[in-house]
Amino acid sequence: MEQKIERYIDNALDNIAPQLFSFSIILGIILMFLGITFIVKKYSARNLKTIGLVCVGAGVVAIVSGWVQM
């Protein structure tokens with residue numbers, strides 16, 4: 001019984017893995033654009049620029065991670 005449940009969970013996770021990788025890439029692109037927007041705004045404060053840099057960095061990491069896992 002335990003092996004059947006384990007196989008079912010493994011199969012379910014194998015089936016949704018490609019969608020999760022694609023979601024990671026899409027999320028990374030959104031984070032990059034959001035970060036660039038925060039950096040480029042003329043009236044943005046120093047804290048907003050720092051948040052923008054963090055968003056761009058996290059976006060790049062998410063894109064590279066999703067791309068490598070595919």
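This passage walks through the fold of a predicted model, from the whole chain down to single residues.

A few ground rules apply: numbering starts from 1 along each chain as its sequence is written, and side-chain values use heavy atoms, with hydrogens and water left out. Since the model is predicted, local features need pLDDT of at least 70 and side-chain atom pairs count only at pLDDT 80 or more, while totals for chains, interfaces and linings use all residues.

The overall picture is simple: the chain has two helices and zero strands, with helices (H or I, at least four residues) and strands (E, at least two) taken as DSSP runs and numbered from the N terminus. The radius of gyration is 18 Å, well over the 11 Å that the globule rule gives for 70 residues, so the chain is more spread out than a compact globule. For the record, that radius is taken over C-alpha atoms, and the globule rule is 2.2 Å times the number of residues to the power 0.38. The C-alpha trace spans about 60 × 20 × 15 Å along its principal axes.

Just 17% of the 70 residues count as buried; here buried means under 20% relative accessible area, exposed means over 50%, and partly exposed is in between (1.4 Å probe, protein chains only). The accessible surface comes to about 5700 Å², and 70% of that belongs to carbon and sulfur atoms. These areas come from the Shrake-Rupley method with a 1.4 Å probe, and for residues only the protein chains shown count as cover. As for contacts (heavy atoms within 4.5 Å), 62% of those between residues at least 6 apart in sequence join residues at least 24 apart.

Helix 1 covers residues 2–40, and Met 1 sits in the segment before it. Met 1 counts as exposed because its relative accessibility is 75%. It also belongs to a nonpolar surface patch, together with Ile 5, Tyr 8, Ile 9, Leu 13, Ile 16 and Leu 20, and the members add up to about 790 Å² of accessible area. Patches are built from residues with over 30% relative accessible area and no salt bridge, joining like charges within 9 Å and nonpolar side chains (Val, Leu, Ile, Met, Phe, Trp, Tyr) within 5 Å. A salt bridge, in turn, is a side-chain nitrogen of Lys or Arg within 4 Å of a carboxyl oxygen of Asp or Glu. Leu 13 from this patch is 16 residues along the chain from Ile 29, and their C-alpha atoms are separated by 24 Å. Ile 29 is in helix 1 and, at 37% relative accessibility, is partly exposed.

Helix 2 takes in residues 46–69, 24 residues in total, and its end C-alpha atoms are 35 Å apart, which agrees with the 34 Å it should span at 1.5 Å a residue. That expected span is 1.5 Å times one less than the number of residues. Its buried residues are Gly 52, Cys 55, Val 56, Gly 59, Ala 62 and Gly 66, and helix 1 is part of what covers them.

The details of that cover show up residue by residue, leaving aside neighbours up to four places away in sequence. Gly 28, in helix 1, is buried, with a relative accessible area of 0%. Its touching partners are Gly 59, Ala 62 and Ile 63. The C-alpha atoms of Gly 28 and Gly 59 are 3.7 Å apart, although 31 residues separate the two in sequence.

Ser 24, also found in helix 1, is buried at 19% relative accessibility and touches Ala 62, Ile 63 and Gly 66. Ile 63 belongs to helix 2 and is partly exposed, with a relative accessible area of 22%. Ile 63 touches Ser 24, Ile 25, Gly 28, Ile 29 and Met 32. Between Ile 63 and Ser 24 the C-alpha distance is 6.5 Å, across 39 residues of sequence.

Elsewhere in helix 2 lies Cys 55, which is buried at 12% relative accessibility. Cys 55 makes contact with Leu 31, Met 32, Leu 34 and Gly 35. Phe 33 is 22 residues from Cys 55 in sequence and 8.5 Å away, C-alpha to C-alpha.
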